[in-house]
Amino acid sequence: MAQDDARAPAIDRSTMHYGHDLQFGTFITPKNDPPQFAVRLAELSEASGYDLVTFQDHPYQPAFHDTQTLLTWVAARTERIHLAANVTNLPLRPPAVLARAAASLDLLSGGRFELGLGAGGFWDAIDAMGGRRLTPGQAVDALSEGIDIIRGVWDQGERARFQVDGTYYRVDGAKRGPAPAHNIPIIIGALKPRMLRLIGRKGDGWLPSLGYMQPGDYAAGNARIDEAAIAAGRDPREIRRMVNIGGRFGGGGGFLNGPAAQWVDDLLPYVVDDGVGTFILASDDPGTIVHFAEEVAPALREAVARELRAADAAASADSIALSAGSPSTGSGNGGAASGNRPVRNSTVLAKRRDGIDYDAVPASLAADAIEPGDAGYERVKSTYMRGGAPGLVLRPADAAQVAEAVDFARANPEVPLGVRSGGHGISGRSTNDGGIVIDLSRLNAMEVLDEERRLVRVEAGARWQDVAAFLAPHGWALSSGDYGGVGVGGLATAGGIGWLVREHGLTIDHVRAVEMVLADGSVVRADATRHPDLFWAVRGAGANMGIVIAFEFEVDEVGALGFAQLAFDASDTAGFLQAWGDWVVDSPRDVTSFLLMGGSRPGEPPVAQVMAVIDSDDPDTVVARLQPLAEVAPLIGQEVRLTTYESIMANAADGSHAAEGEPTARTGLIGRITPEFAADAARFIASGATYFFQLRAVGGAVHDVPADATAFAHRAAEFSVVAFGSSRHQTSERWNELMARHFSGAYVSFETEVGPASVTAAYPPATLERLRAIKGQVDPGNMFRDNANIEPA
């Protein structure tokens with residue numbers, strides 16, 4: 001692949017640059033003898049620091065592995081390096097099938113797959129016009145159709161029927177998805193003018209081989225691509241310029257045929273003049289791979305940095321000189337100042353929402369931010385129950401980045417702001433429509449601070465099943481709701497009514513300190529002695545005060561537990577509700593129970609599902625605690641076992657949610673279940689206004705904490721009541737008619753209604769007055785308002 005370089009020695013270093021970070025890759029022959037040959041070179045490429053490893057795609061060669069299979073194997077054997085074919089032979093791989101294979105590999109590898117694509121040969125295999133071989137022009141058209149199908153399969157957010165009635169490919173109602181883990185770039189290997197124009201219209205990268213090009217061909221190819229991109233309404237910077245190279249170290253002279261320093265001199269013009277962002281070394285020699293990585297790559301990066309600094313300095317001088325004359329159009333480096341900010345294609349840009357200054361997203365957040373057109377959007381736009389369509393999801397990884405995200409949100413005051421830890425968000429406040437979401441899922445670290453005190457630090461983006469698994473080896477647990485997929489941050493700032501609540505209290509009762517970012521971007525630590533008022537407010541109203549990024553919890557020693565799942569014939573619904581409530585309140589504190597009912601099926605009795613945790617490893621004790629309840633109504637299903645808290649909480653899948661619509665959730669807190677409440681609850685359930693009616697025990701240890709000790713003030717409650725429904729069932733109307741009069745408070749995390757009434761239900765007057773005063777100190781502009789909003793005093 002080596003060639004003589006006929007470039008003139010005088011080079012204008014600033015004529016073209018597309019603003020991409022310089023990357024390096026390897027191009028490896030997929031030999032299958034020995035079978036691990038290519039795999040070992042891929043592992044060497046990663047160990048040597050390369051960004052990308054690529055393989056030819058010639059499935060008809062008996063001496064070669066199937067490249068798609070090889071890529072999968074290499075992905076499993078590596079951790080960091082990206083992978084691609086160089087390039088995929090599309091005629092032999094149907095585009096819809098290839099799209100799903102690519103998305104699957106991208107998901108399995110954690111977003112490390114890139115789709116190299118080429119016209120290749122064998123178009124007669126798919127030719128719909130009589131089985132003859134396609135002309136070059138027809139091959140370009142077929143490749144264009146294939147790209148449309150690939151992107152259509154990936155676009156899981158598009159709800160319209162997927163239909164392509166092309167000349168070469170047809171799709172009629174194929175299922176979309178899965179969406180890949182990241183925006184997989186389509187990198188096209190081509191040299192001919194029509195193919196170059198296709199890259200300008202639809203490609204994300206251009207990958208020719210330098211050995212097949214004459215001096216000036218690369219610049220001419222760039223010009224054709226850029227012209228086509230601009231004509232299609234695209235920014236040419238969307239397209240990464242790449243090139244396969246080859247040569248020898250220590251040779252007798254000539255282009256890429258000499259020492260490392262000569263390689264640097266030979267390749268440098270391709271970066272600063274032609275905007276090459278990726279060099280891919282074609283070699284199966286381990287020594288050459290290592291030598292290039294150690295001697296050429298770092299030296300070339302430094303040389304490029306020097307050239308760009310000089311170009312920027314010259315541009316600045318020109319700008320000063322021109323300031324008194326005609327307006328300057330800027331330097332000619334094509335966006336070198338863009339740094340690590342990703343260049344999104346025009347399809348993604350078209351889906352941006354109004355009101356958000358996307359260009360001002362801090363550089364530290366830009367690479368991991370997700371926009372509506374991005375591949376990962378479907379996995380972050382919604383919560384567990386509520387569909388969302390935010391305009392931007394920021395995913396900070398540390399306190400400094402959270403502060404930057406807050407600063408950015410403050411600079412966009414007219415759009416909604418949601419804060420999400422685990423994405424569960426029954427209330428719906430951790431997503432929105434057209435706004436900003438600060439997603440804390442990357443802040444998920446956990447550590448033991450003090451073994452003797454059982455003091456642990458947990459970041460807000462962790463999920464409770466992961467916390468339970470972290471604590472289990474120590475023989476510890478922390479009561480934390482009933483679902484392992486809930487994020488720590490949302491629950492531990494609201495209350496936390498979990499499986500051990502009657503014995504060990506609310507989750508907030510175990511918080512000893514918090515680290516949080518306030519509305520002005522400052523990072524503070526709050527505990528009983530530092531910012532004590534803020535510490536008081538965070539435990540029950542934290543979503544109004546700022547973003548908690550980490551908690552220090554004092555956890556409990558918890559061993560084996562009894563866990564019962566019982567189903568009762570609740571034909572006498574009111575009678576069963578009251579009997580269950582009496583059993584809970586009269587039981588020892590080592591019993592915590594939740595009850596769930598919904599609408600009954602025609603011809604079948606209503607069923608009450610009861611779950612209970614008994615903190616005992618003695619089977620006789622567990623049975624004895626349950627026996628009084630078992631005698632209340634016919635038992636139609638049961639499972640009772642000894643288990644662990646970790647096992648009970650291990651009930652969630654991954655952290656992504658794909659809910660749609662806007663369900664209604666209403667909630668209230670009560671004391672003992674009275675006959676009047678039980679009767680009205682039975683009528684409410686029978687009306688069909690709810691498909692999920694749950695009561696959770698709250699009493700016991702919750703009563704031990706004074707009402708004014710935390711912002712969660714309803715310490716006299718025995719039960720939390722929540723009902724889910726939808727507008728067609730008129731859930732709220734029936735709730736207000738039958739249920740509202742029985743409550744003495746509300747639990748903020750389960751309420752979807754917004755407005756002053758929901759706030760006053762959650763916080764008694766004295767508590768609310770104090771919260772408003774604290775809010776006025778830490779968030780006077782009411783930035784954190786898209787929740788159960790406490791307006792600042």
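Hi everyone, this is a short tour of one sheet and a few helices in this structure. Please keep in mind that we are looking at a predicted model.

Let's start with the sheet. It is an open one made of 7 strands, and reading across you meet β27, β24, β26, β25, β29, β30 and β28, with antiparallel pairing. Which strands stand at the edges? Those are β27, residues 635-643, and β28, residues 664-670; each has a single partner strand, so one side of each is left without a neighbour in the sheet. From one strand to the next, the twist averages 15°.

Now let's zoom in on one pair. Strand β25, residues 591-597, runs antiparallel to β26, residues 607-614, and 6 bridges join the two. If you want a spot to look for, find valine 591, which stands opposite isoleucine 614 in β26.

Two helices pack on this sheet. Helix α16, residues 573-586, touches β24, β25, β26, β29 and β30, and its direction makes about 165° with that of β25. Helix α17, residues 619-630, touches β24, β25, β26 and β27, and its direction makes about 20° with that of β24.

Finally, a pair of helices. Helix α15, residues 532-541, packs with helix α22, residues 765-778, at an angle of about 115°, and the axes are 10 Å apart. Their crossing is left-handed. Who meets whom here? On the α15 side we have Asp533, Leu534, Trp536, Ala537 and Ala541, and from α22 come Thr767, Arg770, Leu771, Ile774 and Val778. The residues of this contact divide into 7 nonpolar, 1 polar and 2 charged.

Thanks for listening!

Technical notes: Residues are numbered from 1 along each chain as its sequence is written. This is a predicted model: local features need pLDDT of at least 70, side-chain atom pairs count only at pLDDT 80 or more; totals for chains, interfaces and linings use all residues. Side-chain values use heavy atoms; hydrogens and water are left out. Two strands pair if DSSP finds at least two bridges between them. Helices (H or I, at least four residues) and strands (E, at least two) are DSSP runs, numbered from the N terminus. Axes are lines fitted to C-alpha atoms, for helices over the stretch in contact, and angles run from 0 to 180 degrees between N-to-C directions. Contact means heavy atoms within 4.5 Å. A crossing is left-handed if the near helix is turned anticlockwise from the far one by less than a right angle, and right-handed if clockwise. Ala, Val, Leu, Ile, Met, Phe, Trp, Tyr, Cys and Pro count as nonpolar, Asp, Glu, Lys and Arg as charged, and the others, Gly among them, as polar.
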